Amino acid sequence: MDDTECIRVMQEQLILIDEKRMDAVCHGQLYQNRVTSEFNKRVKSYQFAPGQLVLKKIFPHQEEAKGKFAPNWQGPYVVHRALLGGALILKEMDERVNTKPINSDAIKRYYV
């Protein structure tokens with residue numbers, strides 16, 4: 001085998017390796033797109049408007065979480081402002097506004 005034939009064989013092998021890499025990248029992107037679309041089908045977006053009554057979830061690391069039979073939600077609160085990205089500013093029933101925003105995933109509607 002002379003040098004030109006050896007170089008040609010190496011180039012063909014490199015091309016095959018590049019094609020396999022591109023196939024793997026395309027397969028990964030297709031898989032990601034399928035998983036994302038399936039996930040987005042099941043996600044419920046919650047829209048909260050100022051003035052709505054809501055309950056706030058009590059997380060296990062909070063001081064209010066005191067055992068097995070303690071309540072899971074606290075409130076009711078009033079939505080003071082809805083921020084971009086799903087964050088909310090809540091106010092208490094006595095009109096005191098909480099300055100710390102909370103994610104809308106930890107909020108549910110309260111029906112009187």
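This passage describes the fold, the strand pairing and the local backbone geometry of a predicted model of a protein chain.

The secondary structure of the chain consists of 1 helix and 5 strands, and the elements follow one another from the N terminus as α-β-β-β-β-β. The radius of gyration is 27 Å, whereas the globule rule gives 13 Å for 112 residues; the chain is therefore more spread out than a compact globule. The C-alpha trace extends over about 90 × 35 × 25 Å along the principal axes. Buried residues make up 18% of the 112 residues. Among contacts with a separation of 6 or more, 39% are between residues 24 or more positions apart.

The accessible surface of the protein chain amounts to about 9400 Å², and carbon and sulfur atoms contribute 56% of this area. The chain carries 17 positive and 14 negative charges, and the mean positions of these two sets lie 17 Å apart.

The 5 strands are arranged in an open sheet with the order 4-3-2-1-5, and the pairing is antiparallel. Strand 4 and strand 5 occupy the edges with a single partner strand each, so one side of each has no neighbour in the sheet. In general, the strands of a sheet pair through backbone hydrogen bonds, in either a parallel or an antiparallel sense.

Strand 1 covers residues 53-57 and strand 2 covers residues 73-82; these two run antiparallel and are joined by 4 bridges. Within this pair, L53 has V78 of strand 2 as its bridge partner, and V54 is partnered by Y77 of strand 2. Strand 1 also pairs with strand 5 (residues 107-109), in the antiparallel sense and over 3 bridges. In this second pairing, L55 is opposite K108 of strand 5, while K56 is opposite I107 of strand 5. As a general rule, side chains in a regular strand alternate between the two faces of the sheet.

On the other side of the pairing scheme, strand 2 is joined to strand 3 (residues 87-91) by 4 bridges, and the two strands run antiparallel. The bridge partner of A82 in strand 3 is L88. Strand 2 and strand 3 form a hairpin in which 4 residues lie between the strands. The turn of this hairpin contains G85, for which phi is positive at about 85 degrees.

Two further backbone features concern the peptide bond geometry and the phi angle. Most peptide bonds are trans, and most residues other than glycine have a negative phi. The bond between G75 and P76 is a cis peptide bond, with omega at about 15 degrees. P76 is part of strand 2. E95, a residue other than glycine, has a positive phi near 75 degrees. This residue is located in the loop between strand 3 and strand 4 (102-103). The relative accessibility of E95 is 53%, and E95 therefore counts as exposed, the cut-off for exposed being over 50%.

How values were computed
Residues are numbered from 1 along each chain as its sequence is written. This is a predicted model: local features need pLDDT of at least 70, side-chain atom pairs count only at pLDDT 80 or more; totals for chains, interfaces and linings use all residues. Side-chain values use heavy atoms; hydrogens and water are left out. Two strands pair if DSSP finds at least two bridges between them. The radius of gyration is taken over C-alpha atoms; the globule rule is 2.2 Å times the number of residues to the power 0.38. Buried means under 20% relative accessible area, exposed over 50%, partly exposed in between (1.4 Å probe, protein chains only). Contact means heavy atoms within 4.5 Å. Accessible areas come from the Shrake-Rupley method with a 1.4 Å probe; for residues, only the protein chains shown count as cover. Lys and Arg count as positive and Asp and Glu as negative; His and the chain ends are not counted. The place of a charge is taken as NZ of Lys, CZ of Arg, CG of Asp or CD of Glu.
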